[in-house]
Amino acid sequence: MAITLDDPVETVLGASKKADKITKGLGLRTVGDLLRHFPRRYLNTGSLSAIDSLHEGDLLTVVGEVTRSDLRDYRDRRTGRMAHRVEVIVRTDGPSLRLTFFAKRRHLAEWQQRRLSPGTKGIFIGKASSFRGEWQLTNPQVTVFGHVEAGGPAGDGEAEMVVQELTDLFPIYPLTAGVETFDLQRAIHFARGVVDLGPDPIPESLRTSYDVLDLATAYDWIHAPADWDQVRAAQRRFRFEEALTLQLVLGRRRRALDQLGARARTGGEGDLLARFDAALPFTLTDGQRSVGEEIERDLARPHPMNRLLQGEVGSGKTLVALRAMLRVVDSGGQAALLAPTEVLAQQHYRSISAMLSPINGGSLAGGGLFGDGTGVELLTGSMTKTQRAGPLSRLATGEAGIVIGTHALLQDTVEFDDLGLVVVDEQHRFGVEQRAALTDKAGTPPHVLVMTATPIPRTVAMTVFGDLEVSTLRELPAGRAPIQTTLVPLAERPSWEERVWQRVREEVERGHQAYVVAPRISSQVDEQGLAEAAVDIDENGVTVQYPEVKANVEDMLVELTLGPLSGLRVAPLHGRLTPETKDATMRSFAAGEIDVLVATTVIEVGVDVPNATVMVLLDADRFGVSQLHQLRGRIGRGGLPGLCLLVTRAEATTPALARLQAVAETTDGFRLSQVDLELRREGDILGARQAGYQSSLQNLRVLRDERTIVEARAAATALLDVDLDLRTAPLLAKTVIELEYSETAEFLERS
């Protein structure tokens, strides 16, 4: 009976401890999983490996040349018997390495010495360690180039299998504890020889049109390439296949959503938007006007809008969103603005009420602002049952046209009369499920507008994959002064810490105010939203471990008021304070009654204090690019130059420091969205997870593979136009349907 890609991986690995480590440690369940465990890089076997620097414990895989091989006899202290070792010196394009091989029998030691005679080249794998000033590889593994010397230990026929397939490029695989590169090579080599791949999932017509390899050739070239051209061709095959599958899922879901239809919101007989525009004390920018027209065209279609509105902090996104909400209210519908925090929800409520006051006789009260069906409501989790009763009733009856709120809007008790538009602000604080819970409250699919100042990885990925239409406000915000961002690397420059607090005091003495931001509320309590940004992954997919986060609001408040900022008016702000306390603190800070606000990320968005000119971000490596950019946007808002200090104890070679350096080098949010992708990878394209380090993309990278993705989108569109059910591509259909019904794809059409 033939072995297929769907068979358990044990059918080619057998039952052994090594097989168990491969299946459990690497998550490889089927033969197909094993064959799709691709090399992470390749060694050029034609030249000695360049080694720039060595660190204790580094796992090395190098091409080297034996320059010395000595056989020494010694007495085993444990058994008292004679034993033997072969000491080998290997030359690289860098430091030489000492390798020691032990043998109980002399003929095996002599075989090892002949095998590793001077001039022999091969691949040497082991863990680097230093002994008496000399680098060595412990527990070394070796594959020599050329003929395998007869007389070796039993089982070395397996090594010969690897040598027979050795080409100019040697594959290096992602590993797990107890599994070596040679183990995977042997297993994959054997699997390729016995598996029946069956029909190719990609139809031949598509492979020809888009210059894509057939499956069998692609597997051969990815695992045993003769040259780099074969590597690139094989990688293109698998990237195109993944992109095509995702595009087919997205395309089918979008078409299904269009079939459901949405209520067109053309403005009807309402005049709120016209009156609002007429009362504006300024002229809309060209960008605001053109984006507004794009949104109005979307709202007028009988299909749901799914649009991303991106623009720098202060570029007028809220104004654009409010005009869209008024268009829906003019049409007889309702609009909901979903904010990530109570601070921001309250800020939006105040600012939107203030913007609407000229057409409401100056009133800022909610509930029936402009007559029946057009009231503005605020709904947050901290409101009492009595406080919520009125807004809930007015939303259900249609008396309220606009509601601004937090996660409280997602609760089952919230009902709408006719929800026509959902605006999600700073969507990186919401998962797909949370947005879906709100859109589910509409009788028909509502129009969706997502606002963000820095697109996060998932947003950018979905954009490139065509799931969101994009509107961009590129004008620099009016009245914004330049912000200088300086990295403060305390691991290298511990003396700089004193200067940080001197700069804060200097700004306060000039009559300005400051933010000090910490990742945690206390030593035991995280602020909500931090975890998504606190993880980096190395090239092997392993989580990078950083020192424990020390900076927290409660400890810093005491330390600063008794130390470097004594005598200044310092106050805390974080998510565990009561809403009344948070609101009172923000009002005091805005009024200039507080000099320094020691806060968590609750100030990330929606806080506007023009007199604040300096921000100190403690343990800044614990924040993602998007959060850092948003936090930095709190200063420099009043025409005064801003100073942002990124304080970190991260070591120089860590991904975290690279992330901070990127933020320090630019204030361009659109450039930073690309940096975020490059450093943290894409979010889960088909699923609910939001953090970049949990990417569901196996072979694709949105920035690198944009051309392939665009081609795959064209191929998917053309295929769906003539064959929506994919009857002409049954294997593709099988994969697509599995994705559509999988748990991770459940929320795709609502995202």
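**Salt bridges and a parallel sheet**

E65 counts as buried, at 17% relative accessibility; buried means under 20% relative accessible area, exposed over 50%, and partly exposed in between (1.4 Å probe, protein chains only).

The model is predicted: local features need pLDDT of at least 70, side-chain atom pairs count only at pLDDT 80 or more, and totals for chains, interfaces and linings use all residues. Residues are numbered from 1 along each chain as its sequence is written, and side-chain values use heavy atoms, with hydrogens and water left out.

Q: Which residue forms a salt bridge with R91?
A: A salt bridge is a side-chain nitrogen of Lys or Arg within 4 Å of a carboxyl oxygen of Asp or Glu. R91 is partly exposed, with a relative accessible area of 37%. R91 lies in strand β4 and its partner in strand β3, so the pair ties together parts that are 26 residues apart in sequence. With the closest N and O atoms 2.5 Å apart, the partner of R91 is E65.

Q: What separates D229 and R232 in helix α9?
A: Helices (H or I, at least four residues) and strands (E, at least two) are DSSP runs, numbered from the N terminus. The side chains of D229 and R232 meet in a salt bridge of 2.8 Å, N to O. Because D229 and R232 are 3 residues apart in helix α9 (residues 228-260), their separation is about one helical turn.

Q: Is E507 buried or exposed?
A: E507 forms a salt bridge with R510, the closest N and O atoms being 2.6 Å apart. R510 counts as exposed, at 52% relative accessibility. The relative accessible area of E507 is 8%, so E507 is buried.

Q: Which are the edge strands of the open sheet?
A: Two strands pair if DSSP finds at least two bridges between them. The open sheet has 7 strands with parallel pairing, in the order β12-β13-β11-β14-β15-β10-β16. Each edge strand pairs on one side only, and these strands are β12 (375-379) and β16 (469-473).

Q: What angle does the direction of helix α11 make with that of β16?
A: Axes are lines fitted to C-alpha atoms, for helices over the stretch in contact, and angles run from 0 to 180 degrees between N-to-C directions. Contact means heavy atoms within 4.5 Å. Helix α11 (residues 286-299) packs on the sheet and touches β10, β14, β15 and β16. The direction of helix α11 makes with that of β16 an angle of about 160°.
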